[in-house]
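This report looks at one residue and its contacts, then at one helix, and then at the empty spaces of the structure. The sequence and the structure are shown first.

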Amino acid sequence: MGNYQLQVTIDQDSGFCFGVVYAIDMAEEILAEDGYLYCLGDIVHNDEEVERLKAQGLRIIEHAELANLRNEKVLIRAHGEAPETYKIALENNITLIDASCPVVLKLQNRIKTSYDNKEQILIFGKHGHAEVVGLQGQTNGDALVFQDIAELDDADLPSRFTLYSQTTKSMDKFYHVKDELISRGYEVKANDTICRQVSNRDKDLPAFVVNFNKIIFVSGKKSSNGKVLYEVCRKHNPNTYFVSSISELDKSMFNPGDKIGIAGATSTPMWLMQQIKAELESY
Ligand code: SF4
């Protein structure tokens, strides 16, 4: 231990959710066998983990590149894909290694069923997010996606509709949106489709973060649930820092003897949190 004698504890409930573990296990298995594997989009919203897998042969491609690929294996990550992707794969003789998370697949199915039943659909989710694109794709692009209630202020909405949520949204915000829409006079069939891997952490993190002088929240900048969980930490411990890699740590952030808690998103690898712990302990 260094001069600062920081006491560092990692939240044991932080780190990969089962959907991400499943996708990464699947990728590593094929990488070990074939030496390379294409993956449609970042396998996980964590640059450090993506780099680790790239070093094993993972090749990240965008949708435009998929159209030019033939006779290869392509991994679909936990966020899932729209039907269009499956169609292109079939046409191009691409073998899809489908690591769509079962929770996302179930939500895709529910949205498709609503759509087939001619319901008007609203999705509370981030514009352009891979999961949201896959969800909207179940409705032929008809579902209205919004990430902020203000976007609906001037929208011409039907008097009744079915509301869904991206799996990694904040529970509080979802229920706020639902109540607001009801108070505006709409008949809302609301489905809380937030993944329990996220909402349970939402509930458990406050009790963890209050025990420390400072919290290092480790997450990639693109992670949706990272943003949500960081806000939860900050609300209950104002001395929370958002850190994506060791290089963003600075000794001047700490005082000797500080008790530090480390927490992370569902896309944050445990090895990265352990590296950060070791770095802090060396101060
Ligand atoms: S957060 Fe939930 S829905 Fe998303 S990948 Fe993890 S387990 Fe699946």
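## D98 and its contacts

Once neighbours within four places in sequence are set aside, D98 is in contact with Y22, M26, I76 and Y86. The model is a predicted one, and in it D98 belongs to strand β5. One of the contacts, M26, lies 72 residues from D98 in sequence, while the C-alpha atoms of D98 and M26 are 9.1 Å apart in space.

Is D98 buried, partly exposed or exposed? Its relative accessibility is 30%, and because the partly exposed class runs between 20% and 50%, D98 counts as partly exposed.

## Helix α4

Helix α4 covers residues 83-91, and its buried residues are T85, I88 and A89. These three cover an arc of only 100 degrees around the axis, which places them on the same side of α4. In general, an α-helix has 3.6 residues a turn, so residues three or four places apart point the same way. The other side of α4 carries L90 and E91, both of which are exposed.

What do the buried residues of α4 pack against? Their partners are β2 (37-40), α3 (63-66) and β5 (95-98), and β5 is also the strand that holds D98. After α4 comes N93, whose phi is positive, near 55 degrees.

## The largest pocket

The largest pocket contains about 430 Å³ of space. Its lining is made up of 18 residues, and those nearest its centre are S170, K173, K227, V228 and E231. Sorted by class, this lining has eight charged, six polar and four nonpolar residues.

At least two residues of the lining come from each of α7 (171-183) and α9 (224-236), and α9 gives the most to the lining of the largest pocket, with seven residues. Where does the largest pocket lie with respect to the domains? Domain 1 (2-15 + 197-281) and domain 3 (103-194) both give residues to its lining, so the largest pocket lies between them.

## The second largest pocket

In the second largest pocket there is about 270 Å³ of space. The pocket is lined by 17 residues, of which H45, R77, G128, H129 and A130 lie nearest its centre. Its lining divides by class into eight polar, six charged and three nonpolar residues.

Helix α6 (residues 130-136) gives the most to this lining, with three residues. Domain 2 (18-101) and domain 3 (103-194) each supply at least three residues of the lining of the second largest pocket.

## The cavity

How many cavities of 30 Å³ or more does the structure hold? There is one of that size, and the largest cavity has a volume of about 310 Å³. Its lining consists of 24 residues, with C17, V20, H79, T168 and T266 nearest its centre.

The helices α1 (18-34), α5 (102-116), α8 (196-209) and α9 each supply at least two residues of the lining of the largest cavity, and α1 has the largest share, with three residues. Helix α9 thus takes part in the lining of this cavity as well as in the lining of the largest pocket. By class, the cavity lining has 12 polar residues, 11 nonpolar and one charged, whereas eight charged residues are found in the lining of the largest pocket.

How values were computed. Residues are numbered from 1 along each chain as its sequence is written. This is a predicted model: local features need pLDDT of at least 70, side-chain atom pairs count only at pLDDT 80 or more; totals for chains, interfaces and linings use all residues. Side-chain values use heavy atoms; hydrogens and water are left out. Buried means under 20% relative accessible area, exposed over 50%, partly exposed in between (1.4 Å probe, protein chains only). Helices (H or I, at least four residues) and strands (E, at least two) are DSSP runs, numbered from the N terminus. The arc is that of the directions from the helix axis to the C-beta atoms. Contact means heavy atoms within 4.5 Å. On a 1 Å grid over the protein atoms alone, a cavity is a set of points where a 1.4 Å probe fits but cannot get out, and a pocket is an open set with protein on both sides within 12 Å along at least five of seven lines; lining residues have an atom within 4 Å of a point. Grid points are joined across faces, edges and corners, and a volume is the space filled by probe spheres set on the points. Ala, Val, Leu, Ile, Met, Phe, Trp, Tyr, Cys and Pro count as nonpolar, Asp, Glu, Lys and Arg as charged, and the others, Gly among them, as polar. Domain bounds come from an automatic or database domain assignment.
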